[in-house]
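Me: Could you walk me through this structure? I'd like to start with some helix packing and then move on to the empty spaces.

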Amino acid sequence: MSTSVVGSSRSLVEKRPEPRTEIPVERGICKLVDFGSAVALRESANESFATDEHMMTMNLGEFRGTPAYSAPEAFLQTDSVSHSSDLWSLAATLFHLASGQLPFPCNTPMEASMAIAGDLDQPPPDVRDAAPDELRASISSAFAELLKRGLQKRQQHRYRTADEFASALHACLVDLGEGEYTVFISYRSSSEKYHAELLFQALNNTSTPAGHRITVFLDTKRLVKGENWQEGFMGGLMRTLVAVPLVSSGFLQPLRRLQGKPDDPVDNVLVELSLIHALHACKSSALVSVYPIVVGQPRPPGDPLYPFSGNFFQDHGSILNEITDAVSPPSTETVRSYLSRQGLSNDVSESALAKGVRATAGSLLHRQAALLWDHTPPLDGDDDPEDELAFRALADPPDPPLDEWQFRALRKQLRALVPAIHEVIDRASATAARRER
């Protein structure tokens, strides 16, 4: 990116930034190494368009550059090539690096010309639609929008300068959050951290049948170093359409230590659940729906259900009876204080905040929920049985632990839930639209 800035300041147009002309020199840094097709721009508007032949590569007639990465004007009017053309090529390169696909697929220079310059009113593609599943979830909305603007076919709709492009790209790197979220994943780190990450991978950046692009809040993906964690996740929940708690015995068991006394510890899962109930009861809140996923205990090798999980209600149906029905003051006060700072105290009824611990947790199990053990797709054809997350699950196991086959089964089960979650989101979106009207 810094090369584009320097090139702009020296009136050079590289004309073909692309993966082959950029090499990694250290982790996270790529440098442009080939200026063979760079051209010099005229110094003023009164000069005719000129090039220095020693800085120019002739590919086809007056066309210079690599077709698949060349801006539309490179095919149409070579005298309109400018710094904006380099930024288009850079956006095309970033699109390819992020997704593994060209923004405008082609196999020949002629196909490239038709795809890139044939219809100047064609909207740019969304990189999240082109990326494979294992990459799609990690692409932020801000980065996708940056590439859309960078790949606009008409020059006046792109970034005006390399500095402007660089600033927008830097913002994508330092800001992990979104303005609003479709789904908030609530989970207990000790037991469901890998469930949550797998659900994030399966769901984030997908599109529902009604065309809603899904952005998922998962604290490990959205919160930045140094940010107040509690404020961060509560802020994310405030801007979420659908809450998806992962309810398991590990999710609920720590609630048994609470006694409904002033010296109870603040339980962050209880804080999340209390805030979910308060926001769901508030008409001015963005939160419209709550869709729990009930998670059963992993079955050990030798069990008929292995590697899938058992039925939560059969194995742990009595756990709610071990949880106090009293209000836990520290957790409740944390929620009340947060709502006050957000100016929502008058919008949330006291009854929504005065629920006991058992009632707060139990209300999740009384909702129409997804039952993970009801989704047992075959494990044949698993295209990514070994990935970085799977190795982490083995090296730093949750409680209870997951072996390789249980992890693969869990991934399959959560992927199978995506259509149902899409349906919930489309209904919630329709409800939100009616509220706005």
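Reply: Gladly, keeping in mind that this is a predicted model. The axes of helix 9 (residues 189-203) and helix 18 (residues 388-395) come within 11 Å and cross at roughly 175°.

Me: So how are helix 9 and helix 18 oriented, parallel or antiparallel to each other?

Reply: Angles over 145 degrees count as roughly antiparallel, and helix 9 and helix 18 are therefore roughly antiparallel to each other.

Me: Which residues in helix 9 and helix 18 meet?

Reply: From helix 9, Tyr194, Glu197, Leu198 and Gln201 meet Leu389, Arg392 and Ala393 of helix 18; by class, this contact has four nonpolar, one polar and two charged residues.

Me: Switching to cavities, how many of 30 Å³ or more turn up in the whole structure?

Reply: The search finds five of them, and the largest cavity holds about 80 Å³ of space. Helix 9 comes up again here, since it supplies three residues, the largest share of that cavity's lining, with Ser191, Glu192 and His195 among the lining residues.

Me: And what lines the second largest cavity?

Reply: That cavity, with a volume of about 70 Å³, is lined by residues including His195, Phe308, Leu402 and Gln413, and helix 19 gives the largest share, four residues. By class, its lining has six nonpolar, five polar and no charged residues.

Me: What about the second largest pocket, what is its volume?

Reply: Its volume is about 540 Å³, and of the 23 residues lining this pocket, Glu180, Tyr181, Thr182, Arg239 and Leu241 lie nearest its centre. Helix 19 supplies the largest share of this lining, five residues, and the lining as a whole has six nonpolar, nine polar and eight charged residues.

How values were computed. Residues numbered from 1 in each chain as written. Predicted model: local features only at pLDDT ≥ 70, side-chain atom pairs only at ≥ 80, totals over all residues. Heavy atoms only, no water. Axes fitted to C-alpha atoms, helices over the stretch in contact; angles between N-to-C directions. Helix = DSSP H or I, 4+ residues; strand = E, 2+ residues; numbered from the N terminus. Parallel < 35°, antiparallel > 145°, perpendicular 65-115°, else oblique. Contact = heavy atoms within 4.5 Å. Nonpolar A, V, L, I, M, F, W, Y, C, P; charged D, E, K, R; others polar. 1 Å grid on protein atoms, 1.4 Å probe; cavity = no way out; pocket = protein on both sides within 12 Å on 5 of 7 lines; lining within 4 Å. Points joined across faces, edges and corners; volume = space filled by probe spheres on them.
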